[in-house]
There are 2 protein chains.
Amino acid sequence: MSIQIGADELTDYVKRVFQAIETPCKQAELLASRLVRAHLRGHTSHGVIRIKQYMDAHKAGTLDPKAKPTVEVQGPCYANVNGNRSFGQVAATFAMELAIKKAKSNGLCIVGCYNINHVGCLGDYVQMAAEQGLVGMAFCNGGGPNVSPFGARERVLGVNPVAFATPSGSSRISVIDFTSGATAEGKLRLAKNKGEAISEGLILDKDGNATTDPNDFYDGGAILTIGGHRGSALSIMIEILAGILPGGRCSAFEDYVEGNGVLFFAIKPDLFRKKADFDKDIDLLYSAVTGAKKAAGVERIWFPGEPEEECYKKLSREKIKLNEKTWETVSSVGDSLDVSFEAT
Amino acid sequence: MSIQIGADELTDYVKRVFQAIETPCKQAELLASRLVRAHLRGHTSHGVIRIKQYMDAHKAGTLDPKAKPTVEVQGPCYANVNGNRSFGQVAATFAMELAIKKAKSNGLCIVGCYNINHVGCLGDYVQMAAEQGLVGMAFCNGGGPNVSPFGARERVLGVNPVAFATPSGSSRISVIDFTSGATAEGKLRLAKNKGEAISEGLILDKDGNATTDPNDFYDGGAILTIGGHRGSALSIMIEILAGILPGGRCSAFEDYVEGNGVLFFAIKPDLFRKKADFDKDIDLLYSAVTGAKKAAGVERIWFPGEPEEECYKKLSREKIKLNEKTWETVSSVGDSLDVSFEAT
């Protein structure tokens, strides 16, 4: 059974929940819209199910809803941001806005950000860059340890996603966002809540055996990496780029505090050539990919970001479906803060 | 059967072969040492087997052995290099040297490079950055079309590798270098030469069926991507970063000329924090990864770059083994140019 809620009323509810722990209005709005947006783009694992995790962090004192990020080091093409244990969405949005501003003036910019809570969908940040006409890149560590390096049977690494986005001449924005782990932890949580088995090759149980039961992960198992040793190497490199370089911690470190570290890049598409030529080539690539001969049974070849965009268009016209256990988790957080859901 | 040749005598021979088509001495030395280095690091697919490909490009007029790369656009933290159809190794080495120089002065630098022949092992370039104490990143497109986007059954994309390298406090340099295609084309060529089958899940035949016969690739088949839709999205993004951004061509374009496009990043590890703290954290991560509990049957958990480094140490003490067909291909190129191999 699932609960159906309109996006606007869910956003309003989530906003009020965050305000109940003294999150300033603007930040609570940002958080709510990002979590609901994840549902609309089909990334349910990064949706309102995360509220419980954020509230737990707040109770544990590792998340400060009122904290503001501060710039610690900066130059024309770089900056580093200390999130001061703020919401990841708040600090990372601040960091990407800074990267965008500097890249617009100086051609490119990299911005690190550390000491923050979970950032949500990494793709949201590179999309910000692309919406401002820039190429965006993002690396993200932390959130773990959840993933075993190639050859290991215990958790050492985060799921460590990467994201890229590019603008085009038309309004089309291409976004990719994927973990170097074989699956995101949130997807295991959803399968567990639904009581469903997961695909083979995603996790190990606590003894290092292959399993399709998501409960085995929560019983001391570990997530595998995408493409074996290659995803493992990528994940390790992301620990360095997104964690160590900006001065954050890696999931395996003794002094690791639950949260993420990020490294953002923003680059002007006309840094090296005319924007019109860049746009023309993006269109050529789009035609070559989406117009390729289809494999048997395939209806459409998608360009990166199109499935999420189509999903967004479709779901924006419908109500959001939450499974009962997810809604129970979310609404019990609201209840504990005397925030009641009001269907409009 | 295999032929055994010392690294030095093979390097000398390869250098003389390139000099025979009027490659300047220094460039011929660079090419020879890079191709032989690939064997010593276990990347046989990027070794001397490539000589034939380069000679074919020279005959076709798409490779100019005497060409020098030129800087077309530059600022404190960026530059773009036109390779003028030079050897990829020559232009890309020039581009990474420029990135290193600018990053040392200004904290970071990105350098694009286009209009070049095949660059060889992408890892070689990020290793240059790490040897100079910088974090290196590289994206590379072209060399195709060889890879089918997710859902397609024809070649559209290049194998499009990425590479990263980081320095550490000790002399240890960590390098990763992998294709977003499920395999490198050179590996298929080697399997074909050896008459061996390849693993499942790497290629499709010309009708879109799964196959383990490398000949099916050369008969109109296509390479798949790593991790299905994720590798496909990554590969498409690399076409944009390494091809379209610097102004090069994508493998699928009508005006594509055989060769690569690259985008290099060099970043100072002390851009945001003290180098000593960066180094200490790299060591912590190294211990966490390599000291993790091992899965059954695993003897050692490797940090990125270690297998190649160990291979290099071992093979540097031995002769290089080339399979008969590879040596036949290489030596027939030498013979056609009146360059004879002289065992020392």
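Two strands pair if DSSP finds at least two bridges between them. Strands here are DSSP runs of E, at least two residues long, and helices are runs of H or I, at least four long, numbered from the N terminus. This is a predicted model: local features need pLDDT of at least 70, side-chain atom pairs count only at pLDDT 80 or more, and totals for chains, interfaces and linings use all residues. Residues are numbered from 1 along each chain as its sequence is written, and chains are lettered from A and ligands numbered from 1 in the order in which they are written.

**Stop 1: strand β3 of chain A**

Select residues 78-86 of chain A, which form β3. Of its 9 residues, 8 are buried, so the rest of the structure largely encloses this strand. (Buried means 20 or more other C-beta atoms within 10 Å of a residue's own, with C-beta atoms placed from the backbone.)

Now add residues 70-75, strand β2(A). It runs antiparallel to β3(A), joined by 5 bridges. Find Val73(A): Asn80(A) of β3(A) stands opposite. The two strands make a hairpin, with 2 residues between them.

Next, add β4(A), residues 108-116. Here 6 bridges link β3(A) and β4(A), and the strands run parallel. Look for Val81(A) opposite Cys113(A). Show helix α4(A), residues 88-106, as well: β3(A), α4(A) and β4(A) build a right-handed β-α-β unit. Right-handed means that, with the strands pointing away from you, the path from the first strand over the helix to the second runs clockwise.

**Stop 2: where the chains meet**

Show both chains. Each side of the contact has 58 residues, from chain A and from chain B. (Contact means C-beta atoms, placed from the backbone, within 7 Å.) On the chain A side, α8(A) gives the largest share, 8 residues. 98% of the interface residues of chain A are also interface residues in chain B, so the copies meet through the same surface.

**Stop 3: the axis**

Chain A lies on chain B with an RMSD of 0.0 Å after a turn of 180° and a shift of 0.0 Å along the axis. The copies are thus related as by a two-fold rotation axis. (Superposition is by least squares on C-alpha atoms of residues with pLDDT of at least 70 in both copies.) Select Gly227(A): of chain A's residues, its C-alpha comes closest to the axis, at 3.0 Å.

**Stop 4: Leu285(B)**

Finish on Leu285(B), in helix α9 (residues 275-290) of chain B. What does Leu285(B) touch? Its partners include Glu239(A), Ile240(A) and Cys250(A). Leu285(B) is buried, with 25 other C-beta atoms within 10 Å.

How values were computed: A residue is buried if 20 or more other C-beta atoms lie within 10 Å of its own, exposed if 12 or fewer, and partly exposed in between; C-beta atoms are placed from the backbone. Two residues are in contact if their C-beta atoms, placed from the backbone, lie within 7 Å. Lists of a residue's contacts leave out its neighbours within four places in sequence.
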